[in-house]
Structures are given as structure tokens and as C-alpha cells.
Amino acid sequence: MAQQQKSSLAEIPEDPTIVLFGDLFSGKSSVLKRLTGGLLLTGLRTLSIVEIRLLQAEEPLRKISLRYIEDKNHQPISPWEITFAIITELNEEEIEEKLHEAQRYVRNPSIKDAKHTRLPPDIDELYFTKNSVCVTISGPDQMYNLSMVELPGVVRNDESHEQFVLSLVKEYIKKESAILVPIFQATSDIAIQCAYRLAREADPTGQRTVGVLTKMDRIVDFPNDDEIHLELATLVKGQGEHKLVNGTYVIRNPTNSEIREDPDELEKETIKALKQISIWRDVPSDRYGLHNLTIKLYERVRTCCGLSQIDNQPKLPVSYESNETSLVYLLF
Ligand SMILES: Nc1nc2c(ncn2[C@@H]2O[C@H](COP(=O)(O)OP(=O)(O)O)[C@@H](O)[C@H]2O)c(=O)[nH]1
Ligand SMILES: [Mg+2]
């Protein structure tokens with residue numbers, strides 16, 4: 001009987017999870033920030049797993065919780081989770097501070113009561129960890145339960161960290177409920193970026209994958225470098241060695257010195273310059289920009305939830321304001 005219960009529970013489909021993965025500094029946090037409409041994410045560090053959960057609930061609530069699945073020796077434990085802070089009423093700076101603290105608490109799993117126990121002054125028990133920080137955004141208008149996860153970036157100068165991150169990414173993206181979002185950066189060779197191989201191994205047909213190509217503004221100034229442009233345009237069309245049937249989306253994020261500028265305007269400028277280059281002219285126009293990426297992800301989420309694409313089309317905003325094109329906006 002107990003066995004039966006277990007197997008029927010295992011069949012309950014998990015909520016769709018959009019998983020962002022790729023090399024360190026490829027632009028994962030920047031893309032996540034824009035997908036969530038600039039939501040409170042300035043306090044993220046590259047070593048942590050951060051999950052944004054959008055949930056249907058009666059009461060509107062925003063909170064940070066800590067999820068522990070391993071101890072200070074990286075040994076698996078029965079997963080447990082605690083609410084760390086209710087952030088509904090906090091301002092951006094306060095949320096950033098809470099996020100910073102939360103990311104340290106999950107690296108100190110011996111602390112059982114994070115709310116009432118101080119952090120060690122400098123050294124954490126774990127340098128990298130599978131324990132994660134979760135930001136929950138819930139409310140009555142939320143149409144789907146959906147998570148977005150940014151996984152730590154892959155670095156190549158530290159083998160134990162590299163192995164850790166690679167196995168972590170594999171664990172997340174093998175699930176049927178995962179929507180794979182490999183983040184490629186235009187500034188280095190696609191074939192050597194780990195995201196390409198990981199996506200191909202976990203999703204050979206490409207059905208669950210929606211690629212993202214960042215930093216095209218850094219390449220657009222070299223229009224005569226045909227080989228590079230051809231490789232990138234082929235990736236965007238989904239016609240590379242790994243056939244990405246959903247394509248790859250050209251996303252241009254602000255640099256650190258452009259934080260105060262409108263990201264959509266910057267993106268439009270880069271796209272305009274790119275379309276001047278002949279190789280890019282036959283790339284479908286719906287492969288450019290955050291707005292189109294959002295629509296594609298929305299489509300994948302609906303498919304994952306078993307909903308048809310025809311009825312109840314996304315209530316897309318007419319304007320091109322960053323907040324209004326965000327996935328959070330679409331899904332609320
Ligand atoms: N020029 C340019 N810089 C970008 C772009 N996307 C991200 N960056 C910059 O690349 C750096 C790393 O970005 P981040 O999102 O933190 O990468 P992560 O480590 O993958 O999360 C930051 O300085 C960003 O401002 C882009 O499209 N163009
Ligand atoms: Mg990051």
C-alpha cells in the first residue's frame with residue numbers, strides 16, 4: 001500500500017522550471033533579472049543556486065527561504081526549508097542585504113536557526129553548495145506555478161568546482177519539467193562553451209531547450225568577421241550541429257556602466273546594427289530581443305502544463321516597456 005502511494009505520487013508532474021545555465025559571466029543573472037522585470041535581484045552571487053518561484057496563492061506574499069539538502073561535508077540530508085525573511089514590504093536595498101545573508105546561510109548548513117543565529121565572521125563551512133536560496137512570489141492572480149533557477153557558472157580554473165557545477169546542471173536539466181535555457185556568450189567560441197554540450201546531452205531533440213545568445217553588442221562592431229557571424233547566426237536559427245528547434249534568442253543586456261539606461265533601448269540599438277550585417281538578414285525577426293524570448297518561454301511553460309497554444313494567448317502588452325514584457329508580468 002505504502003509502495004503504491006509512493007509510485008502514484010511520483011507520477012504527479014512537477015511544476016515547470018526554467019533553468020538558466022552556462023559559463024561564468026555569460027550573462028545568466030542579467031537575463032534572469034530582465035525576465036523577472038528587474039525584480040530585486042541585485043544581491044545575487046555567482047556561487048549560489050537561486051530559485052525564483054511564482055506560485056498561485058490566496059494571499060499576495062514575497063519571501064526568501066533557505067533550502068538545505070546537504071550538510072557541511074557535502075553529505076546529502078533529508079531536504080528541509082525555512083522561511084528566512086518576508087520581503088513584501090522591504091525596499092530594494094533591504095532585499096539585497098537579505099539576499100546576501102541568505103546566500104551565506106545556505107553555505108553554513110550547521111546553523112539550524114538562521115533567523116536567530118549569527119553568521120561566522122568570515123569563513124563559511126562550504127565554498128560551494130547544492131543548498132539554495134528561494135524567492136517566492138505568490139498571489140491570487142498568478143496563473144501558473146513556475147520556477148526560474150539560475151545555476152552557478154562553470155569555471156575552468158578549479159577542477160573540483162567545475163565538476164560540482166557540471167553535475168549540478170545535469171541534475172537540474174534532466175527532469176522532464178525543466179525548460180533548458182543555455183546562455184551562450186558571443187564573445188567566445190560556442191563549441192567550447194559547456195552549455196552547448198550539456199543541452200545537447202540532456203535534450204537531444206531540442207524540444208525542451210530555448211537558447212539565449214548574449215553580448216552581441218561586443219561583436220557587432222566587427223562586421224567583417226564572417227566566420228564568427230556565420231557561426232552565431234546559425235546558432236540563432238537553430239541550425240547548428242545540435243538542432244535547437246526552438247532557436248536561440250539574441251539578448252543584449254546592459255553592462256555594469258549602463259545600469260541606469262533602459263535595457264530595451266540598448267537592445268534595440270544592438271539589434272538594429274546587427275541587421276545591417278548581411279549574414280543576419282535571413283535570421284527570422286522573432287529571434288531578437290527579450291520580448292520574443294519571453295513569448296517563446298511562455299509557450300514552453302504552457303506546453304509543459306499541458307495547455308494548448310491556441311486558446312488563451314498571452315495577453316501581450318502593446319508597449320515595449322521592460323516591466324511589461326517580463327515573464328512575471330505575462331504570467332501574473
Ligand atoms: N556588453 C554586454 N555585457 C553583458 C551582457 N550580458 C551580461 N553582460 C555583462 O557581463 C557580466 C556578467 O554578467 P552576469 O549576468 O553577472 O553573468 P553570470 O555570471 O552568467 O550571471 C556583467 O558585467 C554584465 O554586465 C551583454 O549582452 N552585453
Ligand atoms: Mg550570476
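**Notes on a predicted model with one ligand shell**

1. Asp124 counts as partly exposed, because 18 C-beta neighbours lie inside 10 Å. Buried status would take 20 or more, and exposed status 12 or fewer. The structure is a predicted model. Asp124 sits in the loop between helix 3 (92–105) and strand 5 (132–139). Leaving out residues up to four places away in sequence, Asp124 touches Arg104, Arg107 and Asn108. Lys72 is 52 residues from Asp124 along the chain, yet their C-alpha atoms are separated by 9.4 Å.

2. Confidence comes next. The average pLDDT of the protein chain is 85, and 85% of the residues score at least 70. Residues 1–12 are a weak stretch, with pLDDT below 50. Beyond near neighbours in sequence, residues 1–12 have zero contacts in the model. Residues 310–325 also stay under 50. For residues 310–325, however, the model has 22 contacts beyond four places in sequence. I would keep these two stretches apart in the discussion: one has zero contacts beyond near neighbours, the other has 22 beyond four places.

3. Overall architecture. The protein chain holds ten helices and nine strands. It has 332 residues, and 38% of them count as buried. Take the contacts between residues at least 6 apart in sequence: 73% of them join residues at least 24 apart.

4. What surrounds ligand 1? The shell has 17 residues, and Gly27, Lys28, Ser29, Ser30 and Asn253 come nearest. Helix 2 (residues 28–35) gives the most to this shell, with three residues. By class, the shell around ligand 1 has ten polar, five charged and two nonpolar residues.

5. The packing of helix 4 (residues 159–173) on helix 5 (residues 194–202) deserves a look. Their axes come within 10 Å and cross at roughly 40°. The crossing of helix 4 and helix 5 is right-handed. Helix 4 makes the contact with Leu166, Val169, Lys170 and Ile173. Helix 5 answers with Cys194, Leu198 and Ala202. Six residues of this contact are nonpolar, one is charged and none is polar.

6. Which residues of helix 5 are buried? They are Cys194, Ala195, Tyr196, Leu198, Ala199 and Ala202. The buried residues of helix 5 pack against strand 1 (17–22), helix 4 and strand 7. Cys194, Leu198 and Ala202 thus appear twice in this note: they are buried in helix 5, and they belong to the contact with helix 4.

7. Strand 7 (residues 178–185) is one of those partners of helix 5, and Ala178 is found in strand 7. Why does Ala178 count as buried? Ala178 has 22 C-beta neighbours inside 10 Å, and the threshold is 20 or more. Leaving aside neighbours within four places in sequence, Ala178 is in contact with Thr17, Val19, Tyr172, Ile173 and Arg208. Ile173 also takes part in the contact of helix 4 with helix 5. Ile18 is 160 residues from Ala178 along the chain, and the two C-alpha atoms are separated by 5.9 Å.

8. Two residues other than glycine have positive phi and merit a check. His74 has a phi of about 65°. The place of His74 is in the loop between strand 3 (61–70) and strand 4 (76–86). His74 is partly exposed, because 13 other C-beta atoms lie within 10 Å. Lys215 has a phi near 65°. Lys215 is found in the loop between strand 8 and helix 6. There, Lys215 counts as buried, because 23 C-beta neighbours lie inside 10 Å.

9. The loop that holds Lys215 has another entry. Pro223 is placed in the loop between strand 8 (211–214) and helix 6 (226–237). Is Pro223 buried or partly exposed? With 15 C-beta neighbours inside 10 Å, Pro223 counts as partly exposed. Pro223 and Ala273 are 50 residues apart in sequence, and their C-alpha atoms are 9.5 Å apart in space.

How values were computed:
Residues are numbered from 1 along each chain as its sequence is written. Chains are lettered from A and ligands numbered from 1 in the order in which they are written. This is a predicted model: local features need pLDDT of at least 70, side-chain atom pairs count only at pLDDT 80 or more; totals for chains, interfaces and linings use all residues. A residue is near a molecule or strand if its C-beta atom, placed from the backbone, lies within 6 Å of it. Helices (H or I, at least four residues) and strands (E, at least two) are DSSP runs, numbered from the N terminus. Ala, Val, Leu, Ile, Met, Phe, Trp, Tyr, Cys and Pro count as nonpolar, Asp, Glu, Lys and Arg as charged, and the others, Gly among them, as polar. Axes are lines fitted to C-alpha atoms, for helices over the stretch in contact, and angles run from 0 to 180 degrees between N-to-C directions. A crossing is left-handed if the near helix is turned anticlockwise from the far one by less than a right angle, and right-handed if clockwise. Two residues are in contact if their C-beta atoms, placed from the backbone, lie within 7 Å. pLDDT is the predictor's confidence in each residue, from 0 to 100.
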